[in-house]
Amino acid sequence: MTDRVWEVFRQEAEGDPFIHGGSVNAPDEELAMHYAREFYGRRQESVRLWVVPRDAIVELDDPDLLQPPFDRSFKRPGGYLIKHKLEAARVRAGSPVGNVEPEGEA
């Protein structure tokens, strides 16, 4: 019986993204799950594991899709850092940075 390569992704805490933990060699899914639990979960470093056969992973490496010619960094999940723009606007308006009083209080 030949071993297959299984990729293991682990989640360190609830709500965290899954990260690649490594790979294990096993002839079937049951043994792959056992190895993954032993290598990536026995010290309570993971709350959840994904064990996937390597040949089931689909690769996308098209540079036209992954690295478009236009700068679209503003569309990253973090978005704009508006904090610096607000500070600059407050300086231009003459109010001190970081000293904003809520409306209605005097």
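1. A quick word on terms before the fold: helices and strands here are DSSP runs, numbered from the N terminus, with at least four residues for a helix and at least two for a strand. On that basis the elements of this protein run β-β-α-β-α-α from the N terminus on, which gives 3 helices and 3 strands. Keep in mind that we're looking at a predicted model.

2. Now the overall numbers. The protein has 106 residues, and 13% of them are buried. Its accessible surface comes to about 9000 Å², with carbon and sulfur atoms holding 53% of that. As for how the chain folds back on itself, take the contacts between residues at least 6 apart in sequence: 44% of these join residues at least 24 apart.

3. On to the strands. β1 and β2 pair in the antiparallel sense, over 7 bridges, and one of the facing pairs is R4 with A26 of β2. β1 also pairs with β3 (residues 48–53), again running antiparallel, this time through 6 bridges. In that second pairing, Q11 has R48 of β3 as its bridge partner. So which strand is paired with both β2 and β3? That's β1, going by its bridges to β2 and to β3.

4. What does A32 touch, once its neighbours within four places in sequence are set aside? The list is W6, V24, A26 and V51. A32 sits in helix α1 (residues 29–40), and with a relative accessible area of 0% it counts as buried. The C-alpha atoms of A32 and W6 are 6.7 Å apart, although 26 residues separate the two in sequence. A26 turns up here as a contact of A32 and, as noted above, as the residue opposite R4. V51 falls within the span given for β3, residues 48–53, so I'd look at A32 when checking how α1 sits against the strands.5. F18 is worth a look too. Its place is in the loop between β1 (4–11) and β2 (19–26). At 23% relative accessibility F18 counts as partly exposed, because the buried class stops at under 20%. Beyond its neighbours within four places in sequence, F18 is in contact with F9, R10, Q11, R48, L49 and W50. Two of those, Q11 and R48, are the bridge partners already mentioned. F18 and S46 are 28 residues apart in sequence, and their C-alpha atoms lie 9.8 Å apart.

6. Next, charges. Side chains of opposite charge can pair when their charged atoms come close. The count here comes to 5 salt bridges. One of them joins D55 and R4, with 3.1 Å between the closest N and O atoms. D55 lies in the loop between β3 and α2 while R4 is in strand β1, so this pair ties together parts that are 51 residues apart in sequence. D55 is exposed, at 61% relative accessible area, whereas R4 is partly exposed, at 33%.

7. Buried or exposed: which is R10, the partner of E12 in another salt bridge? R10 is buried, with a relative accessible area of 12%. E12 is partly exposed, at 44%. The N to O distance for this pair is 3.3 Å. R10 is also among the contacts of F18.

8. A further salt bridge links R43 and E45, whose closest N and O atoms are 3.6 Å apart. R43 is exposed, with a relative accessible area of 52%.

9. Helix α2 (residues 63–66) includes L65, which is exposed at 58% relative accessible area. L65 joins L60 and L66 in making a nonpolar surface patch of about 320 Å².

10. Last, helix α3 (residues 82–93). How many of its 12 residues are buried? The count is 0, so the helix is hardly covered. Its geometry does add up: at 1.5 Å a residue, 12 residues should span 16 Å, and the end C-alpha atoms are 16 Å apart, which agrees. Right after α3 comes G94, with a positive phi near 95 degrees.

Terms used. Residues numbered from 1 in each chain as written. Predicted model: local features only at pLDDT ≥ 70, side-chain atom pairs only at ≥ 80, totals over all residues. Heavy atoms only, no water. Patch = residues over 30% accessible without salt bridge, like charges linked within 9 Å, V, L, I, M, F, W, Y side chains within 5 Å. Areas by Shrake-Rupley, 256 points an atom, 1.4 Å probe, with all protein chains shown as cover. Salt bridge = Lys/Arg side-chain N within 4 Å of Asp/Glu carboxyl O. Buried < 20%, exposed > 50% of the residue type's maximum accessible area, 1.4 Å probe, protein only. Expected span 1.5 Å × (residues − 1). Contact = heavy atoms within 4.5 Å. Pairing = 2+ DSSP bridges.
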